[in-house]
Amino acid sequence: RGSIDIKRHRGQPAVWLRVLLLTATVMGLGSVAFHASLRYSMQLLDELPLYALALLAAAVLRARNTRTHGAQLVASLVAVAVAAALLCAPRASQVHGAARVFMAVSFGLAFVYVLTAGSVSAKEVDARRGGSDARMLFALSFFSFVGAIAAWIVDMVACETLRDLPAGLPYPQLHALGWHLGTGAGLYFLFCMLLLHQHEVLDRLPATVVWPAGIIPKVLVRNHHRD
């Protein structure tokens with residue numbers, strides 16, 4: 001069984017990690033479409049992939065030590081159901097409003113679970129292989145997300161003040177530089193930690209984290225079994 005799984009993955013991300021990457025790509029395209037048009041339909045193309053990403057990340061972490069797919073499939077079905085309700089029901093309808101409330105609540109719960117289970121997952125990796133690479137990746141992900149959320153809140157609350165800064169200081173673009181770059185960095189660090197967990201804990205493949213230029217981590221794996 002172990003040799004079959006190693007041959008299947010060959011040191012590559014498992015299928016649900018690839019789904020996460022694909023969902024993040026769709027989210028990026030949706031975000032570009034929304035910011036270029038500022039239309040509500042395009043806003044949904046920005047929000048819905050982010051929602052699916054949170055649910056799938058929570059499901060991947062829930063099933064991180066198994067090769068089952070139940071949690072991921074349930075998360076996918078929930079994301080599809082919410083997307084169908086928001087895209088098909090009129091914006092002023094009760095169905096649309098209820099779907100938005102459900103999305104907001106379940107997104108918040110999924111995000112909290114990702115941070116909690118992510119911390120546990122990182123400790124599992126470092127306990128297995130030694131060192132602190134996984135905890136470092138999770139810490140970078142955590143603080144990237146926190147910084148992104150803080151930038152988004154400040155930009156929303158103090159927009160007028162930020163547009164009229166003293167001494168001719170330019171508008172800091174907290175939404176673009178804080179929110180978008182912060183969430184992008186947080187997702188990347190989280191993905192690296194999940195990939196390290198897959199290789200080291202689930203596949204028993206020895207992996208190494210390298211830091212080209214000391215900034216962007218890469219997870220490298222040797223394609224042979226760790227005892």
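Where is the place of A167? Keep that one in mind while we set the ground rules.

This is a predicted model, so local features need pLDDT of at least 70 and side-chain atom pairs count only at pLDDT 80 or more, while totals for chains, interfaces and linings use all residues. Residues are numbered from 1 along each chain as its sequence is written, and side-chain values use heavy atoms, with hydrogens and water left out.

**Exercise 1. Place A167 and two other loop residues, and say how exposed each one is.**

Step 1: A167 is in the loop between α7 (159–162) and α8. Helices (H or I, at least four residues) and strands (E, at least two) are DSSP runs, numbered from the N terminus.

Step 2: Apply the accessibility cut-offs: buried means under 20% relative accessible area, exposed over 50%, and partly exposed in between (1.4 Å probe, protein chains only). A167 counts as exposed because its relative accessible area is 81%.

Step 3: Look at the backbone. A167 isn't a glycine, yet its phi is positive, about 60 degrees. R204, also a residue other than glycine, has a positive phi near 60 degrees. R204 sits in the loop between α8 and β1, and it is partly exposed because its relative accessible area is 30%.

Step 4: Now S132, in the loop between α5 and α6. With a relative accessible area of 41%, S132 is partly exposed. Its C-alpha atom is separated by 19 Å from that of L187, 55 residues apart along the chain.

**Exercise 2. Decide whether S141 is buried or exposed, and list what it touches.**

Step 1: Find S141 in helix α6.

Step 2: S141 counts as buried because its relative accessibility is 2%.

Step 3: Leave out residues up to four places away in sequence, and S141 touches G186, F189 and L190. Contact here means heavy atoms within 4.5 Å.

**Exercise 3. Describe the largest pocket.**

Step 1: Pin down the term. On a 1 Å grid over the protein atoms alone, a pocket is an open set of points where a 1.4 Å probe fits, with protein on both sides within 12 Å along at least five of seven lines; lining residues have an atom within 4 Å of a point.

Step 2: Get the volume, the space filled by probe spheres set on the points. For the largest pocket that's about 1200 Å³.

Step 3: Go to the lining. Of its 38 residues, the closest to the centre are M27, L50, F107, W179 and T183. Elements giving two or more residues are α2 (15–37), α3 (40–62), α5 (94–129), α6 (133–157) and α8 (174–202). The largest share, 10 residues, comes from α8.

Step 4: Sort the lining by type: 25 nonpolar, 9 polar and 4 charged. Ala, Val, Leu, Ile, Met, Phe, Trp, Tyr, Cys and Pro count as nonpolar, Asp, Glu, Lys and Arg as charged, and the others, Gly among them, as polar.

**Exercise 4. Work out how the strands pair.**

Step 1: The protein has 8 helices and 2 strands, in the order α-α-α-α-α-α-α-α-β-β along the sequence.

Step 2: Strands β1 (residues 207–210) and β2 (residues 218–221) run antiparallel, joined by 4 bridges; two strands pair if DSSP finds at least two bridges between them.

Step 3: V209 stands opposite V219 in β2. In β1, A207 and V209 make the covered face, and T208 and V210 the uncovered one.
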